[in-house]
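The exercises below are meant to be worked with the sequence and the coordinates open side by side. Try each task before reading its solution.

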Amino acid sequence: MLRFLVRRLLQAIPTLLILSILIFAWLRSLPGGPAGALLGDKATPEKIADLNKLLGLDDPIFVQYFKFLGRAITGDFGNSLVSAQPVMSEIGNFLPATIELGFCAMLIAVGLGIPFGYLSARFRGGAVDNVIIVLSLVGVAVPVFFLGYMMQDLLAAPLGLPSQGRQMAGLDATTVTGFAVLDGIITQEWDAAWDALTHLILPAFALATIPLAVIVRITRASVLDVLNEDFIRTANSKGLTQPIVRRRHVLRNGLLPVVTVIGLQTGALLGGAVLTERVFNFRGLGFLLAEGIERRDYPRLQALLLFGALVYVLVNMLVDISYGLIDPRVRVR
Amino acid sequence: MVFGAAGNPKTFDPLFNDDGETFRIIRQMMDTLIMNKPGTADLEPGLAEKWEGSNEGKTWTFTLKKGVKFHDGTPFNAEAVCFNFNRMFNMKGAAAQSQMIYYGDVFEGFAKNEGDASGDPVFKDCQVKDESTAVLNLNKAKGAFPAAFTLPSFSIQSPDALKKYNADAVTQSGDSFSYPEYALKHPTGTGPFKFESWDQAKGEITLVKATDSPTQTAKLDKLVFKVIPDENARKQALKAGDIQGYDYPSPADYGLLRNDGEQVLIRPSFNILYLGINQKNNPKLKDLKVRQALAYGLNRDQFVKSKLPEGAETATQFVPKAIDGYNENVTKYDYNLQKAKDLLKEAGAEGMTLKFYYPTEVTRPYMPNPADIFTSLSEDMKAMGIKVEPVAKPWNGGYKDDVQKAGKHDVHLLGWTGDYNDAGNFVGTFFGREKPEFGFTNPELFSAISAADAAPAGETHTKAYQEVNQKIMEYLPAIPISYGPPAIVVGPKVKGLVASPLTDERFYTVTVN
């Protein structure tokens, strides 16, 4: 297992290196640069040129890249142009929000997705199946930002739920870990914990829709596949009770592809979080990224995109490991 | 009170800032020598009780208020004033100088220009005449004074705090900047509120009431600025009572907000939207008759009435009415389609094609909806028989570069919001020199503007700019379209906020029931 892990980690290095080149080239190919955004609306072309020169942005792109790489190896990703803070500390400050939101969204997606997918397969062709399929199609098709705005406009007020931010503005809650709900519990500031929790509901549901819909569909398809396998027929003919067949054989084997999808969807959450966090003003990494793109904040974008890639690589590793836990055959190989 | 801001502040040392979101916060914490009368662009005493320009505008004498203290308890006096101006003039380092946008604009150069700063300094020296009299000597007169002393960038800060927290140490690191502790954690001025904290993760800046002999006494104990970039999210937050006010509501929401009981305060307009003309790109536009035809053929009154928010007015020239130098008697071009067609015919430009650039993904106070404005104006052009070739580009994604740097357009939409009450801040910016945006050289106009800029404040200065405005409207290098007032919105319980044309709203007068 250890060798497997080390090998996977080493594989990540060239992946990240190639990605860093792509990210770097992509950012520099965007029209408009940080100097214009930094100097504001009244910047003259001359001032923008001066600033580009000062920041080394007029160097050939490969010179810029190697300078960046040299600093990045030492862990220096520079300061954000928007907030003037080191981007690494920004990521540290904003990461808990994204984890909190992503965790809740995945909880909703998995908690509802697997049972609904299973139900859908079990009652294949029936009314329940049709309703679930239609809803999951809608879930995949509706853009997150549209859903977010609809939820804000239609649900927030009637349900009495906050529609933006992580906490009520001006609330003096103590920060310990950066996870707002957890902090409220640790410090026994119950009002703050409850406030943070209510702030999570709408964005978490908005963010959960796509993974939820995907998990429903994959679970359904996978369970249907398993139901047609010989070993299920064997189990049935041996006279096992239906609950045992479902739990031991159908669900266990049917979940394997679902786990892969959960892993991939977790990695993709950062992408969905950009829109969700922006719409709900939920200040996490997605929010940082959106702001960074608008302002052409190269240092922040470089660090965030690389960080996102690293998360993706790690999540995929976790998926591989969890394969082994669910299906012993994978471990033996 | 919690106020919703549209963007992050940059840092809190006003010297290194030039954007509205940062200035809004700084204005609550720091004072300038001269301030703006609430709700106007007129001058009134700030930290200086009186000011006097003499020696043809090359000497400015300030009589300072007595008994004022900085938030760190140190006294405000003439020495502190001179310390601040000397600090600006003697600022070292290319990184620091590059961030002093307004200082560079107004004072032109440094004791030692570094990096790409290359101007001759306007500042000569600052003398402490006595405890409460400071004299600023300039190398040359500058029309921007005294109005430019109201700029938040020139706020007077505590010399002790500036020294203690190493305020000048702005450095460049990699492809970004790093700012000293002072600018991030310890801004120290004399204003009615003082700095408490900046929580980056929450996006909240907290100020508290300053109690040590402030210049004005705040009625609120605590003032929080919450950063909410999305306009819809700001609206939702106000509805939910999470914030008590926010800036830049969309004109389309004014009615809805009012129906909900919110107060939409319309600011007097201090901006201009214009149709730019690039004479270089399209030789036909060199002909005055063609430019006049465009001016007569655009139905600007109709456009302002149907497309712009309440309070907007048709522009007759390139400065708004509140500015000294506005001229009632400039040549006007009232809508006259026949005349426009005739002029085009005379110039042999009937059926000409114009490449019309307009920006996307942007809302400016003077330009609430660029695509709408483009449609309206291009319909007018089509009525004149002009073929319009539309080019839409994202504001920060090529539009500004194409228009201001490369001059790829024939005509385009752009505008400007003023920084202080000076006509040079408008017309000097547009037409003070040759620019790719307009593609023309007119030495007579250039020198008239630079002479007006050097004319000492007062009647001479105003008159010089009135003449400049007349000349511009005769030569017509571009067409002024409208003055559009931006709004600020506060909840029903908020009292005492005065909307300012310069977005210079001071919260010390505000109460929340």
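**Exercise 1.** Which residues make the nonpolar surface patch of about 530 Å²?

Solution. Note at the outset that this is a predicted model, in which local features need pLDDT of at least 70, side-chain atom pairs count only at pLDDT 80 or more, and totals for chains, interfaces and linings use all residues. Residues are numbered from 1 along each chain as its sequence is written, chains are lettered from A and ligands numbered from 1 in the order in which they are written, and side-chain values use heavy atoms, with hydrogens and water left out. The patch is made by Leu112(A), Phe116(A), Leu119(A), Phe123(A), Val128(A), Ile201(A) and Phe205(A). Next, assign elements: α5 and α9 (190-227) of chain A each give two or more residues to the patch, and the largest share, three residues, comes from α5(A), the helix in which Leu112(A) is found.

**Exercise 2.** Describe how helix α5 (residues 87-122) of chain A packs with helix α12 (residues 285-294) of chain A.

Solution. Begin with the axes (lines fitted to C-alpha atoms, for helices over the stretch in contact, with angles from 0 to 180 degrees between N-to-C directions), which come within 7 Å and cross at roughly 125°. Then classify the angle: α5(A) and α12(A) are therefore oblique to each other, since angles under 35 degrees count as roughly parallel, over 145 as roughly antiparallel, 65 to 115 as roughly perpendicular and the rest as oblique. Finally, list the contact (heavy atoms within 4.5 Å), to which α5(A) brings Glu90(A), Ile91(A), Phe94(A), Leu95(A) and Thr98(A), while α12(A) brings Leu285(A), Gly286(A), Phe287(A) and Leu288(A).

**Exercise 3.** Where do the two partners of the salt bridge between Asp175(B) and Arg28(A) lie?

Solution. A salt bridge requires a side-chain nitrogen of Lys or Arg within 4 Å of a carboxyl oxygen of Asp or Glu, and this pair meets at 3.3 Å, N to O. Asp175(B) lies in the loop between β8 (171-173) and β9 (176-178) of chain B and Arg28(A) in helix α1 (residues 2-29) of chain A, so the pair joins two chains. Over all chains, the count comes to 31 salt bridges.

**Exercise 4.** Examine the backbone at Asn281(A) and at the bond between Phe145(B) and Pro146(B).

Solution. As a reference, most residues other than glycine have a negative phi, and most peptide bonds are trans. Asn281(A), in the loop between α11 (242-279) and α12 of chain A, has a positive phi near 50°. Phe145(B) and Pro146(B) are joined by a cis peptide bond with omega about 5°, and Pro146(B) lies in the loop between β7 (133-138) and α5 (159-164) of chain B.

How values were computed: Helices (H or I, at least four residues) and strands (E, at least two) are DSSP runs, numbered from the N terminus. Patches are made of residues with over 30% relative accessible area and no salt bridge: like charges are joined within 9 Å, nonpolar side chains (Val, Leu, Ile, Met, Phe, Trp, Tyr) within 5 Å. Accessible areas come from the Shrake-Rupley method with a 1.4 Å probe; for residues, only the protein chains shown count as cover.
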